[in-house]
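Trainee: Could you pick one spot in this protein and walk me through it closely? I'd like to hear which contacts it makes, and then follow the thread outward from there.

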Amino acid sequence: MTSDTEQSPFAVWAPRPETVSLLADGVEHPMRRDENGWWTLSDPEVAAGLRALPAVDYGYLLDGASDPLPDPRSRRQPAGVHSLSRTYDAAAFAWTDADWAGRELAGGLIYELHIGTFTPEGTFDAAIGRLEHLRSLGVDFVELLPVNAFNGTHNWGYDGVLWYAVHEQYGGPEGHQRFVDACHRHGLGVIQDVVYNHLGPSGNHLPRFGPYLHTASVNTWGDSVNLDGPDSDEVRRYIVDNALMWLRDHHVDGLRLDAVHALVDSRAIPILEELAAAADELSDEVGRPLSLIAESDLNDPRLITPRDSGGCGLTGQWSDDFHHAVHVAVTGETTGYYADFDSLAALAKVLTRGFFHDNTYSSFRRRHHGREIDTERTPAWRLVVCTQNHDQIGNRAAGDRLSATVDEGGLAIAATLNLLGPFTPMLFMGEEWAASTPWQFFTSHPEPDLGAATAEGRLREFAAMGWDESVVPNPQDETTFTDSTLDWDEATSGDHARMLALYRRLGRLRREIPELRDQRFQAVSVRFDEDERWLVLCRGGVQIAVNFGVGPVEVPLPLASGGVLLSTAGAGAEAPADDARESEQPVILPGRTATVFRPSPVDD
């Protein structure tokens with residue numbers, strides 16, 4: 001028997017218990033086991049009768065227990081992760097996206113959002129009402145933080161325990177399908193964040209069914225997933241089938257793979273390569289691009305190296321080095337992992353080489369870290385970068401955004417480097433208008449002991465790093481969640497509206513200027529002055545000149561340049577009266593600004 005649940009909706013892999021029975025709509029039905037640990041209904045007529053019903057509430061009784069457990073492959077958990085599962089026919093949804101041809105990651109702009117705090121309602125349907133806003137920014141992909149079922153009402157999503165079910169408060173599986181369908185109508189692809197490196201602390205019943213976890217191997221969040229031990233074939237199939245469910249049944253265009261550096265996998269063909277091969281096969285079948293993007297702390301380009309060249313064959317990976325370099329340049333913060341990025345030279349290296357740590361010494365790790373990218377063969381678009389994201393904001397003590405501490409000029413510089421740089425840029429919800437709302441770490445564990453332990457652990461973590469404990473919000477407090485919800489009203493006035501207008505202008509430049517669509521490392525060069533705090537990023541003939549300092553500086557442009565395409569100073573940088581500029585002719589940049597210069601006209 002295979003793990004293809006389409007063959008029987010009531011098949012379950014449970015090699016550990018001696019007996020398994022199905023409790024369906026209050027009636028218990030015996031099951032039989034095959035040689036691989038899969039259980040199916042003993043009576044085929046019962047199976048056929050249950051399959052014919054529009055919906056069935058069901059669970060599994062293991063070894064004669066009286067309390068049923070939810071299905072490890074449950075598609076719906078209407079009463080929570082400790083309760084009965086409910087069947088859901090994903091194929092019954094009436095899709096309207098037949099004309100959607102998909103979207104390649106190359107050249108794309110990603111917008112990361114959390115359904116629960118993106119709108120006051122916190123639902124898929126409410127988020128649909130904001131899709132035109134995303135289109136106005138030039139967004140190509142919406143990246144959803146994890147939406148699979150977790151215990152409680154609100155959570156970041158990384159405490160999921162039933163990977164096949166969609167959180168009911170967001171709108172359940174049908175709500176997710178409606179959202180994806182609406183995104184496609186608006187010309188937006190969808191990237192779904194998925195977590196395959198750990199399970200949440202409440203509602204994880206998988207170990208009672210089988211060896212889903214390594215009991216002797218742990219990562220930051222608990223026991224590691226069993227990817228290479230005995231019976232790991234079925235655990236890996238559980239993961240691959242889940243990935244294919246999102247891509248096939250929910251029509252998403254890509255997956256963001258959470259913290260792949262936490263995967264413990266010693267097999268010759270790693271799970272990441274297996275996932276990439278499965279996604280490519282499905283892409284050929286459905287006739288549209290499907291992307292896999294790794295969140296990785298490894299700085300290892302082998303993740304995005306093609307499989308026929310010895311790599312995993314993933315489409316892209318996050319590059320935190322870009323975030324760190326820009327963050328230090330605009331904030332001056334140099335504690336912790338920011339210490340190594342305290343120079344414009346670090347930013348220049350990242351812009352031209354992709355990684356800062358490419359087998360260089362990391363003072364934070366106290367060892368050498370990373371591997372050099374072959375920039376001749378690897379396009380820059382395979383690196384997904386940002387200046388803010390859920391982790392970099394939410395894992396600060398107070399969940400403070402850049403807008404809480406950085407001036408408008410610094411925010412504009414960060415936006416310009418992110419959106420006009422050579423990589424695939426990603427925005428975090430609300431950054432486009434310098435949202436004043438924080439994005440804090442919030443949980444809603446119903447168990448008092450777990451809630452208290454989470455709050456106390458959060459305080460210990462920041463105390464060890466020297467943060468003021470008094471600014472750390474209790475993740476279990478309702479206000480920690482509600483305070484993190486976007487205030488859409490503020491986007492239309494004052495400084496917020498001015499920042500939003502800048503993001504829209506930058507988005508238009510990305511689409512309209514050919515040089516800004518060239519994402520080859522070979523087309524990028526950088527000049528900078530460490531003492532005077534200026535940097536010039538050249539993308540072909542387009543030059544992006546940045547003054548990180550507070551006072552005006554005179555900057556020699558490295559190439560002949562035409563007029564100003566955009567200045568974050570509003571009135572524009574000082575420039576000669578004539579359109580064309582002489583090579584190396586200086587330009588005066590006001591403090592804390594970025595100016596984008598067009599290429600000079602080419603003489604016939």
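Mentor: Let's start with Arg178, which has a relative accessibility of 29% and therefore counts as partly exposed (buried means under 20% relative accessible area, exposed over 50%, and partly exposed in between, using a 1.4 Å probe and protein chains only). Before going further, keep in mind that this is a predicted model: local features need pLDDT of at least 70, side-chain atom pairs count only at pLDDT 80 or more, and totals for chains, interfaces and linings use all residues. Residues are numbered from 1 along each chain as its sequence is written, and side-chain values use heavy atoms, with hydrogens and water left out.

So who does Arg178 talk to? Its salt-bridge partner is Glu174, and the closest N and O atoms are 3.8 Å apart (the rule asks for a side-chain nitrogen of Lys or Arg within 4 Å of a carboxyl oxygen of Asp or Glu). Both residues lie in helix H5, four residues apart, about one turn of the helix (helices are DSSP runs of H or I with at least four residues, strands are runs of E with at least two, and both are numbered from the N terminus). Glu174, at 40% relative accessibility, is partly exposed too.

Now for the aromatic side of the story. The whole structure holds 24 aromatic pairs (rings of Phe, Tyr and Trp, the last with its six-membered ring, pair if their centres lie within 6.5 Å; planes under 30 degrees apart count as stacked, over 60 as edge-to-face and the rest as tilted). One of them is Phe124 with Tyr170, an edge-to-face pair at 6.0 Å centre to centre with 80° between the planes. That pair links distant parts of the chain: Phe124 belongs to helix H3 (residues 124-128), and Tyr170 to the loop between strand S10 (162-166) and helix H5 (172-185), with 46 residues from one to the other. Phe124 is at 0% relative accessibility, so it counts as buried. Tyr170 is buried as well, at 5%. Phe124 has a tilted pair with Phe179 too, at 6.1 Å centre to centre and 40° between the planes. Here the link runs from helix H3 to helix H5, spanning 55 residues. With a relative accessible area of 0%, Phe179 is buried. Put side by side, H5 carries buried Phe179 as well as partly exposed Arg178.

Rings elsewhere join up too: Trp13, Trp163, Tyr164, Tyr196, Tyr212 and Tyr238 are linked into a cluster by ring pairs.

Back to charges, since Glu174 and Arg178 have plenty of company: the count comes to 30 salt bridges. Take Asp193 and Arg256, whose side chains meet in a salt bridge at 3.0 Å, N to O. This one connects distant parts of the chain, from strand S11 (residues 189-194), where Asp193 sits, to strand S14 (residues 254-257), home of Arg256, with their positions 63 residues apart. Asp193 is buried at 1% relative accessibility, and Arg256 is buried at 0%. Arg256 also meets Asp258 in a salt bridge, 2.9 Å from N to O. At 8%, Asp258 counts as buried too. Taken together, Asp193, Arg256, Asp258 and Glu295 are linked in a network of salt bridges.

Arg256 has a ring to deal with as well: its charged end sits over the ring of Trp318, 4.3 Å from the centre (for this, NZ of Lys or CZ of Arg has to be within 6 Å of the ring centre and within 35 degrees of the ring normal). Lys349 does this with Phe356, its charged end being 5.2 Å from the ring centre.

One last arginine, for good measure. Arg458 is found in helix H13 (residues 448-464), and it is buried, with a relative accessible area of 8%. Setting aside neighbours within four places in sequence, Arg458 is in contact with Gly394, Asn395, Arg396, Phe441 and Val472 (contact means heavy atoms within 4.5 Å).
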